[in-house]
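Please open the model in your viewer and keep the sequence panel beside it, since the tour moves from one selection to the next.

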Amino acid sequence: DTMYQQFGKRTFDTILAVIILVVTLPITLLVGLLIRLESKGPALFTQKRTGVGGGNFKLKKFRSMTVDNDVRDLTKGNQMTRMGKFIRATSIDEIPQLINVLKGDMSFIGPRPWIPEYYKHMNQEQRHRVDVRPGITGLAQAKGRNTLTINAKINYDLEYVNDISLKEDLKIIALSVLAVFEK
C-alpha cells in the first residue's frame with residue numbers, strides 16, 4: 001500500500017474534505033452563529049499542534065469553551081458552554097479541521113495531533129507517530145477515544161503508522177462513524 005500512502009491518501013483526503021464541507025455548510029453556518037449568540041468571542045478556536053515531521057500548525061475547531069477558559073485553573077469549574085457540550089458530544093466541533101485537511105496539515109485518518117508540549121516529552125520511538133499527517137480521527141479514537149491511557153493511545157498511533165492502508169483507513173472511518181452515532 002505504498003502507492004496509497006504516497007498518492008491515494010492525499011487525493012482521498014482532498015476529495016472527501018470538499019464533499020463534506022459542501023454538505024455540512026448549512027450546519028457549519030448554524031453552529032457558528034449559535035456559538036456567537038451563546039457567548040462572546042469567535043466561533044472558531046485555533047491551537048498550535050504538532051504535525052507531520054514534528055512541525056507545528058494551527059488546528060481549527062469550533063469553540064466549545066468560554067473565551068476566558070484556562071484549563072489549568074481548576075477553581076473556575078466547568079468552562080464548557082451548553083453549545084460546546086453538544087458539539088463535542090456529536091463531534092461537530094471537528095468540522096473546521098476539514099480546512100486543515102485541505103491545507104495539507106492533516107489527514108482524515110492518522111494519529112490525533114497533540115500540543116507541542118506533549119510531543120517534547122515523547123521518546124524517540126513515540127515520536128514516530130509524526131511520520132504521517134495527523135488525523136481528524138485515528139485508530140486510538142476508534143478503539144476507545146478518551147477511555148484509553150496516553151500510552152495506549154500512543155501504541156495505537158504507532159500501530160497505525162506501521163500499517164497504513166486503504167483497508168485500514170476505511171475500517172477506522174466506519175468505527176469512528178459508529179462511535180459518534182452511538183452517542
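Which residue in strand 2 is the bridge partner of Thr46? This is a predicted model, and if you select Thr46 and look across to strand 2, the residue you arrive at as its bridge partner is Lys60.

Now widen the selection to residues 44–50, which make up strand 1, and to residues 56–62, which make up strand 2; the two strands run antiparallel and are joined by seven bridges. Next, follow the chain from strand 1 into strand 2, where five residues lie between the two strands of this hairpin. Within that turn, select Gly53, whose phi is positive, at about 75 degrees.

With the hairpin still highlighted, colour the whole protein by secondary structure, which should bring out eight helices and four strands. Read from the N terminus, these elements follow the order α-α-β-β-α-α-β-α-β-α-α-α.

Then display the C-alpha trace alone, which spans about 45 × 40 × 30 Å along its principal axes. The radius of gyration of the protein is 16 Å, which agrees with the value near 16 Å that a compact globule of 183 residues would have. If you turn on contacts, 66% of those with a separation of 6 or more are between residues 24 or more positions apart.

Finally, switch to a surface view, in which the protein exposes about 10,700 Å², with carbon and sulfur atoms supplying 60% of that area, while 43% of the 183 residues count as buried. Selecting the charged side chains gives 27 positive and 18 negative ones, and the centres of these two sets lie 6 Å apart.

Technical notes
Residues numbered from 1 in each chain as written. Predicted model: local features only at pLDDT ≥ 70, side-chain atom pairs only at ≥ 80, totals over all residues. Heavy atoms only, no water. Rg over C-alpha atoms; globule rule 2.2 N^0.38 Å. Buried < 20%, exposed > 50% of the residue type's maximum accessible area, 1.4 Å probe, protein only. Contact = heavy atoms within 4.5 Å. Areas by Shrake-Rupley, 256 points an atom, 1.4 Å probe, with all protein chains shown as cover. Lys, Arg positive; Asp, Glu negative; His and termini not counted. Charge placed at Lys NZ, Arg CZ, Asp CG, Glu CD. Pairing = 2+ DSSP bridges.
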